[in-house]
Amino acid sequence: LAIGTGAAQSIASQTSEIPVLITAVTDPVDAGLVQSSEAPGTNVTGTNDLAPLDQQAQIIADLFPDVKQVGILYCSAEVNQAEHIAAYLDDLNIKHKDFSFSDSNDLQAVTNNCVSECDVIYVPTDNVVSSNQSIIDAVARPAGVPIICGEESQCTGCGLASLSIDFYDIGYRAGEQAYDILVNGKNPAEMPVEDPQSLTRIYNPQIASDLGITLGDDYQAIEQ
């Protein structure tokens with residue numbers, strides 16, 4: 001079982017025969033692990049951590065109907081969902097601008113630029129963002145700029161709200177796929193890489209309070 005793109009690429013490069021189950025890989029096609037998500041065509045299958053980006057874009061539209069510009073903040077060295085969320089924001093006629101950083105060293109400066117130009121920030125599922133949430137929060141929260149996140153761990157550290165996937169769920173499902181291969185004789189090349197199935201609207205109550213934002217009963221508070 002390979003967790004994350006880097007681990008999956010490393011393991012898959014060492015064998016074309018032994019089945020490799022991936023989980024929390026955002027885009028296995030772009031990562032060169034499978035030919036397509038529907039029909040992998042290789043010894044690799046599993047689950048991705050692709051968030052429901054159309055619904056996350058809709059959250060921005062619902063919570064902030066008067067938004068002037070959304071800043072999409074992401075690490076350019078990561079395989080993430082920045083490009084995809086932009087297309088959904090376009091569908092909703094929401095103006096947006098990319099703010100990319102190469103590593104944590106320039107994250108604070110880029111975040112400062114982002115909050116100076118945007119009234120809402122979106123951060124995709126991104127490992128570098130997740131590891132440096134405190135830097136983003138230290139800039140965005142004092143500036144009163146809310147952040148919509150790709151998943152729950154980011155929302156815990158710096159975000160107002162998210163329609164979050166369940167990482168336990170996608171890992172468990174990958175384990176079930178491994179059982180199908182090892183016990184039931186299924187061929188990973190013919191098993192689709194599956195999307196997350198468990199989705200929950202969540203919010204950070206402390207950040208909501210600090211920003212003076214009230215969310216509806218359909219949002220579940222994160223335990224702090």
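This report describes the fold, burial, cavities and cysteines of one protein chain.

The model is predicted: local features need pLDDT of at least 70, side-chain atom pairs count only at pLDDT 80 or more, and totals for chains, interfaces and linings use all residues. Residues are numbered from 1 along each chain as its sequence is written, and side-chain values use heavy atoms, with hydrogens and water left out.

## Overall form

The protein chain contains nine helices and ten strands. Here helices (H or I, at least four residues) and strands (E, at least two) are DSSP runs, numbered from the N terminus. Along the principal axes, the C-alpha atoms occupy a box of roughly 55 × 35 × 35 Å. The radius of gyration of the protein chain is 18 Å, which agrees with the value near 17 Å for a compact globule of 224 residues. That radius is taken over C-alpha atoms, and the globule rule is 2.2 Å times the number of residues to the power 0.38. Of the 224 residues, 48% count as buried. Buried means under 20% relative accessible area, exposed means over 50%, and partly exposed is in between (1.4 Å probe, protein chains only).

## Helix 1 and strand 2

Thr 5, Ala 8 and Ala 12 are the buried residues of helix 1. They cover an arc of only 65 degrees around the axis, which puts them on the same side of helix 1. The arc is that of the directions from the helix axis to the C-beta atoms. An α-helix has 3.6 residues a turn, so residues three or four places apart point the same way.

Ile 22 belongs to strand 2 and is buried, with a relative accessible area of 0%. Its C-alpha lies 9.7 Å from that of Ala 12, at a separation of ten residues in sequence.

## Two positive phi values

Most residues other than glycine have a negative phi. Ala 24 and Asn 93 are two residues with a positive value, and the table sets them side by side.

| Residue | Phi | Loop | Relative accessible area |
|---|---|---|---|
| Ala 24 | near 60 degrees | between strand 2 (20-23) and strand 3 (44-46) | 17%, buried |
| Asn 93 | near 60 degrees | between helix 3 (82-91) and strand 5 (96-101) | 74%, exposed |

## The second largest pocket

Ala 24 also takes part in the second largest pocket, where 16 residues form the lining and those closest to the centre are Thr 5, Ala 24, Asp 49, Glu 78 and Asn 127. The volume of this pocket is about 260 Å³. On a 1 Å grid over the protein atoms alone, a pocket is an open set of points with protein on both sides within 12 Å along at least five of seven lines; a cavity is a set of points where a 1.4 Å probe fits but cannot get out; lining residues have an atom within 4 Å of a point. Grid points are joined across faces, edges and corners, and a volume is the space filled by probe spheres set on the points.

Helix 1 (5-12) and helix 5 (127-131) each give at least two residues to the lining of the second largest pocket. By class, this lining has four nonpolar, eight polar and four charged residues. Ala, Val, Leu, Ile, Met, Phe, Trp, Tyr, Cys and Pro count as nonpolar, Asp, Glu, Lys and Arg as charged, and the others, Gly among them, as polar.

## Helix 6 and the cavity

Helix 6 (residues 133-140) has Gln 133, Ile 136, Asp 137, Val 139 and Ala 140 buried. Viewed down the axis, these buried residues fall within an arc of 165 degrees, so they line one face of helix 6. Ser 134 and Ala 138, on the other side of helix 6, are exposed.

The structure has one cavity of 30 Å³ or more. The largest cavity has a volume of about 40 Å³, and its lining is made up of Asp 137, Ala 140, Arg 141, Val 145, Pro 146, Ile 147, Cys 158, Ile 207 and Leu 211. At least two of the lining residues come from each of helix 6 and helix 9 (205-211). Seven residues of this lining are nonpolar, none are polar and two are charged.

## Cysteines

The structure holds zero disulfides, a disulfide being a pair of cysteine sulfur atoms within 2.5 Å. Cys 114 is in no disulfide, and the nearest cysteine sulfur, in Cys 118, is 4.4 Å away. Cys 114 is buried, with a relative accessible area of 0%.

Cys 158, one of the residues lining the largest cavity, is buried at 3% relative accessibility. The closest cysteine sulfur to that of Cys 158 is in Cys 149, at 4.5 Å, too far for a bond.
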